Structures are given as structure tokens and as C-alpha cells.
Amino acid sequence: MIEYYDFTLYTTSTALVFNKIFFPSHDPLIGSLAAFATYFVGYCARPLGGILFGHFGDRLGRKIMLLITLMIMGAGTFLIGLIPPYAQIGIWAPVILVILRVLQGIGIGGEYGGGMTMMVEHAPPQKRGFYSSLMHIGVPAGFLLPIVLIGVLNSVMSQEGFLAWGWRIPFLLSIVLLALGLFIRFHIEETPAFKRVLQAGKTVNVPAFEAVKNHHRNVIYGIGAKIAESGLFNIYAVFVISYCVNVLQLPSQLILNGVLLACFIECFTLPVFGALSDRFGRRKIYIAGMIFQALLAYPFFLLLNSGDVWLIYLAIAAGLALGHGSVYGAQGAFFSELFPANIRYSGLSLVQQIGPILGGGISPLVATALLVQYHNYHMVVVYMIGIALLSALCALALRNEAGE
């Protein structure tokens, strides 16, 4: 949750703040396009973090890597809150922002594989779906904290004050969460599966190479299966803010409240879908969730364009709590079981960090570009349906090779 607080704070600020103070433009959509480009840069850095920390996590242990990734994320987020605006330092403002965004990407790239491996390897095999989904609650919960903070600040401050300095407060407060996270992680135990790997002498020299060489099918199809999960999540939670504010001319707080409500609901739907994956199978739940999201794409925009607050909230909740929740609830155990324990951190990191480059990293950028090009949402719908069906087909081709 703390990791995604940091990552999501940037996400939300991209749509509301950075397009104005770091990428000023007369056209709000063009400013958003530039801001989402830096958002994409963070995703490009994630595989580097995944490979780096996955390598040492599979050789030295999961725990110490999780301490390092948290410190990288926390430092990057805190420093973003100190960057002067474009009006003061010109081009250096977006340059520094991109550098810190890369640090965030490296940190979270190593974070997911270690955290999920830790969770799955401690959980009973027959309940991995349920327990792994509890870790995934950290994503919508990580969305809740910054959205609440930004929403409160946005409502109690003038727009001028918020853009001048108010937006910085949540970034600077991340230092408190960093201290809490480090305290927690110093007290977690190494996993039984990794201890057995060490005792049996089964560590490999280059785990990522081993995953690509001997498990390339699962790496490739896993990346494909990940594309729509992360891509559609950022349509529902990130692009929707920019679309409703800049195109529909709706108040930003109204849309933030909708995302807030949907994330809150998803915190409860994730373990439900995780438990369902234990009972009915990970693949079935995952593919069903993708098909649902393909069917939802057109009604999603119809509900947004209605202008009715509760229909807008219904659209966002259906996308996040049901569409994304069903897929993400099953995903942790589903993807973890694609690789044996001695390369699990690395293999899982490859899938989880390369997939989002092609999904979540570019989906707000692609959707915004399609809006600018075609002046309507219809091609965005086509894009959403296309990636959902692609990921469903890739999920169908995955094989369980967990071993233990």
C-alpha cells in the first residue's frame, strides 16, 4: 500500500497538476499528453528494477530486496515534492521530474516480485489465490490515500494555492509512510520455499536468463496477459480523470470521488475473486474478467457522457471493482505459479514489469492521443476491447510450472 501510495500520487498529480506546472500548454489535452509521457517513463524503468532486484532476490533472499525498493520509492516521492515549477527553473523542472520518476519505476519494479513471492511462498497452496489477493488490496488502497489527501486539499484550498504549493504536501508526507514501511519490513521472515532452495543448493547464477531460456512461453504469454490488466486499470483510474475534467468539463473533485469510491469497493472485491480463483481456477476467473471488460468498454463511456454523477460513479466502479478486481484478484497466484521457486522473483518480475509498459504505461497516453486525433471516444473503446481480448487469449496459453 505504501509503495502504491508513492506511485499513485504521481499518477493523480499527472492528471491534475503536472500538466499545468511542469508542462504548461494552451491546450489542456496537449499538456496532459506531455505529462502522461513522463508517466510512461516510470513504466519503462520498471523492468530494470524487476531484473536487478529479482536477480538478487532469487540469490540472496526476498526480505533485503524489499527494504531497498521501499527506500528508493520513498526517496523519489519525497524529492518530487521539492521540485520548483517550470516558471522558476524552466526545462530543468520536467528533467528532474523524469529522473525521479525513473527512480520510482526502478523501486516499484523490484517491489512487486518480492512482495508477491513473499506472500505466495508463505501461503498454503490451496489458498494462494485468496492470500495473494490480499497483497493486491495495496493497489486500490494505495490509490485511496493520495486521492483522499489531494481531494481534501483541493476542496479546502483555492486553485491557485493548490497548484502553487498544496499539491506538494502529500509528496512530503510520504517520508512518514517510508519510516512505517521500513519498520514493518525489518520484522518479516524469509520464505520457507527460498530457505529450501538455499539448503538444496538450487540457486541459479542468472535467474532472469534462466526464466527467459527455459520458461520463455510463460514469460511471453504472461506479459501479454498482463497488458490489459494494467492498461484498463489506468483507463478507469487515471485517464478517466483527464477525460472528465478536460473533455466533459466536470469538476475534478467529482471524478476523484468516483475513483475513491471504486477503489474502496475494490478493496473488498479483490479477496472475493481471489477466493473464487482457488475454487474454480485462476485461468477461468482471469479470462472471464477480461471478457467482462471487453463488453464494458462501450457502456463505460456512455455512462461517463451521461453527465449523471451516479452513472459516472457506476461506470468507474464497474471498471475497477468488477472488471479489474476480477482479473487482479486471480493474478497474483496465477502468475506466481508460472515459475519454480528458484527463479520466481525474477520470472514474476519480468512478466509484471514488462507487461505494464505495453499496458498501463501507455494506455493513458494512447487514449489521450486517440482523443486528440479523432475528437471522440470511439477509438478508445476499440483500443480497450482489443487489449482485453489479447490478454484473454494470452492467459489461455499459460502453464503452471510452480513446482512448489
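## Salt bridges, cores and helix faces

The structure holds 8 salt bridges. It is a predicted model, so please read every value below as computed from that prediction.

Let's start with the charged pairs. Three of the salt bridges are set side by side here, with the distance between nitrogen and oxygen.

| Pair | N to O distance | Burial |
|---|---|---|
| Glu121 and Arg344 | 2.8 Å | both buried |
| Glu337 and Arg128 | 3.5 Å | both buried |
| Lys226 and Glu229 | 2.4 Å | both buried |

Where do Glu121 and Arg344 lie? Glu121 belongs to helix α5 (residues 92–122) and Arg344 to helix α16 (residues 344–358), so their salt bridge ties together parts 223 residues apart in sequence. These two residues also take part in a network of salt bridges, in which they are linked with Asp58 and Arg62.

The salt bridge of Glu337 with Arg128 likewise links distant parts of the chain: Glu337 sits in the loop between α15 and α16, Arg128 is in helix α6 (residues 128–136), and 209 residues separate them. Lys226 and Glu229, on the other hand, are both in helix α12, 3 residues apart, which means that about one helical turn separates them. An α-helix has 3.6 residues a turn, so residues three or four places apart point the same way.

Now for the nonpolar interior. The largest nonpolar core has 108 residues, and Phe300, Phe301 and Leu304 have the most contacts inside it. Helix α12 gives the most to this core, with 16 residues. Leaving aside residues up to four places away in sequence, Phe300 touches Ile235, Tyr236, Val240, Ala315, Ile316 and Met384. Another core, of 5 residues, lies apart from the largest one; among its members are Ala45, Phe53, Met65 and Ile106.

Met384, one of the contacts of Phe300, is also one of the buried residues of helix α18, along with Val380, Val381, Tyr383, Ile387, Ala388, Ser391, Ala392, Cys394 and Ala395. The buried residues of α18 cover an arc of only 165° around the axis, which puts them on the same side of the helix. Leu393 and Leu396 are exposed on the other side of α18. What covers the buried residues of α18? The cover includes α12 (216–246), α14 (282–305), α15 (309–336) and α17 (363–374). As for its length, α18 runs over 19 residues (378–396), and the expected span of 27 Å agrees with the 28 Å between its end C-alpha atoms.

Helix α10 (residues 192–200) has its own buried residues, Ala193, Phe194 and Val197. Seen down the axis, they fall within an arc of 95°, so they line one face of α10. Gly201 follows this helix and has a positive phi, near 65°.

Two other residues are worth a look for their backbone. Gln249 is not a glycine, yet has a positive phi of about 60°; Gln249 lies in the loop between α12 and α13 (252–280) and is exposed, with a relative accessible area of 60%. His375, also not a glycine, has a positive phi of about 60°. His375 is found in the loop between α17 and α18, where the residue is exposed, with a relative accessible area of 68%.

Last comes Arg185, in helix α9 (residues 168–185). Is Arg185 buried or exposed? Arg185 is buried, with a relative accessible area of 15%. Not counting residues up to four places away in sequence, Arg185 touches Glu3, Lys63, Leu66, Leu67, Thr69, Leu70 and Glu111.

Notes: Residues numbered from 1 in each chain as written. Predicted model: local features only at pLDDT ≥ 70, side-chain atom pairs only at ≥ 80, totals over all residues. Heavy atoms only, no water. Helix = DSSP H or I, 4+ residues; strand = E, 2+ residues; numbered from the N terminus. Expected span 1.5 Å × (residues − 1). Buried < 20%, exposed > 50% of the residue type's maximum accessible area, 1.4 Å probe, protein only. Arc of directions from axis to C-beta. Contact = heavy atoms within 4.5 Å. Core = buried A, V, L, I, M, F, W, Y, C linked by side-chain atoms within 4.5 Å. Salt bridge = Lys/Arg side-chain N within 4 Å of Asp/Glu carboxyl O.
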